[in-house]
Amino acid sequence: MYLISNLVKVTIPNYLAGLPIPDSIGGWFHLGVKDWLALVPPTLVVGGISYYSYQTVKKAQAAGNVHVNHCVRKDIDKVVDFVEIEDITEKAVLCRCWKTKNWPYCDGAHATHNKATGDNVGPAIVRHKEKK
Ligand code: FES
């Protein structure tokens, strides 16, 4: 425990106090090569921690976004639709991406979704066999 305590209370503060960080913006222009080299390790550490944190938050957000339905009848527990086969004259193009504004029919919104996300979803097309 002493090692951690000493690291946090003495070693790191002494290291940071010894960094050649100027007191003014103009001071940055007067730093020498040795000064800039001394700033590389802490810059890499801060950059690495920032990048790792950003990636972690990004993954957590993606994992938590599990709903596929963002807009269709959100006021009910389960969206179930019936399309009467007799009502289909030639074919019915049914949405499977949940992005259509004409539920349950595809309005082409899957193309925008696919382009934005790299997904490959498309509609289910129901048609009469004899009318291929
Ligand atoms: S709009 Fe959803 S599959 Fe076409």
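In the predicted model, Trp-98 is placed in the loop that runs between S1 and H3. The phi angle of Trp-98 is positive, at about 70°, although this residue is not a glycine. Most residues other than glycine have a negative phi, and most peptide bonds are trans. The same loop, between S1 and H3, also holds Pro-104. The peptide bond that leads from Trp-103 to Pro-104 is cis, and its omega is near 5°.

Two aromatic pairs are present in the structure. In one of them, the ring centres of Trp-28 and Trp-36 are 5.7 Å apart; the planes meet at 35°, which lies between the 30 degrees under which a pair counts as stacked and the 60 over which it counts as edge-to-face, so this pair is tilted. Trp-28 has a relative accessible area of 34% and is therefore partly exposed, since the partly exposed class lies between the limits of 20% and 50%. Trp-36, with a relative accessible area of 42%, is likewise partly exposed. The other pair is formed by Trp-98 and Trp-103, whose ring centres are 4.3 Å apart; because their planes are at 20°, under the limit of 30 degrees, the pair is stacked. Trp-98 and Trp-103 are both buried. Trp-98 thus combines a positive phi with a buried position and a stacked ring partner, and that partner, Trp-103, precedes the cis bond to Pro-104.

Trp-36 belongs to helix H2. The C-alpha atom of Trp-36 is separated by 9.6 Å from that of Leu-19, and the two residues are 17 apart along the chain. Lys-34 is also a residue of helix H2. With a relative accessible area of 73%, over the limit of 50%, Lys-34 is exposed. Between Lys-34 and Pro-20 the C-alpha to C-alpha distance is 9.3 Å, for a separation of 14 residues in sequence.

Helix H2 spans 33-64 and strand S1 spans 91-94, and the loop between them contains Asn-69. The relative accessibility of Asn-69 is 12%, under the 20% limit, so the residue counts as buried. A polar atom in the side chain of Asn-69 lies 3.1 Å from the backbone nitrogen of Cys-71. Arg-73 is found in the loop between H2 and S1 as well. Phi of Arg-73 is near 40°, a positive value in a residue that is not glycine. Arg-73 has a relative accessibility of 35% and so counts as partly exposed. A further residue of the loop between H2 and S1 is Val-83. Val-83 counts as partly exposed because its relative accessibility is 29%. In space, Val-83 and Tyr-105 are 9.9 Å apart from C-alpha to C-alpha, whereas in sequence they are 22 residues apart.

Helix H3 covers residues 109-117 and includes Asn-114. Asn-114 has a relative accessible area of 17%, which is under 20%, and is therefore buried. The side chain of Asn-114 reaches the backbone nitrogen of Asn-120 at a distance of 3.5 Å. Side chain to backbone nitrogen approaches are thus found both for Asn-114, towards Asn-120, and for Asn-69, towards Cys-71.

The largest pocket in the model has a volume of about 160 Å³. Its lining is made up of 12 residues, and those nearest the pocket centre are His-67, Val-68, Cys-97, Lys-99 and His-113. Sorted by class, this lining comprises five nonpolar, four polar and three charged residues.

At the level of the whole chain, the protein is divided into domain 1, covering 2-62, and domain 2, covering 79-128. The centres of domain 1 and domain 2, taken over C-alpha atoms, are separated by 52 Å.

Note on methods. Residues numbered from 1 in each chain as written. Predicted model: local features only at pLDDT ≥ 70, side-chain atom pairs only at ≥ 80, totals over all residues. Heavy atoms only, no water. 1 Å grid on protein atoms, 1.4 Å probe; cavity = no way out; pocket = protein on both sides within 12 Å on 5 of 7 lines; lining within 4 Å. Points joined across faces, edges and corners; volume = space filled by probe spheres on them. Nonpolar A, V, L, I, M, F, W, Y, C, P; charged D, E, K, R; others polar. Domains from an automatic or database assignment. Phe/Tyr/Trp six-rings, centres within 6.5 Å; stacked < 30°, edge-to-face > 60°. Buried < 20%, exposed > 50% of the residue type's maximum accessible area, 1.4 Å probe, protein only. Helix = DSSP H or I, 4+ residues; strand = E, 2+ residues; numbered from the N terminus. Polar contact = N/O pair within 3.5 Å; in protein donor to acceptor, adjacent residues only side chain to side chain.
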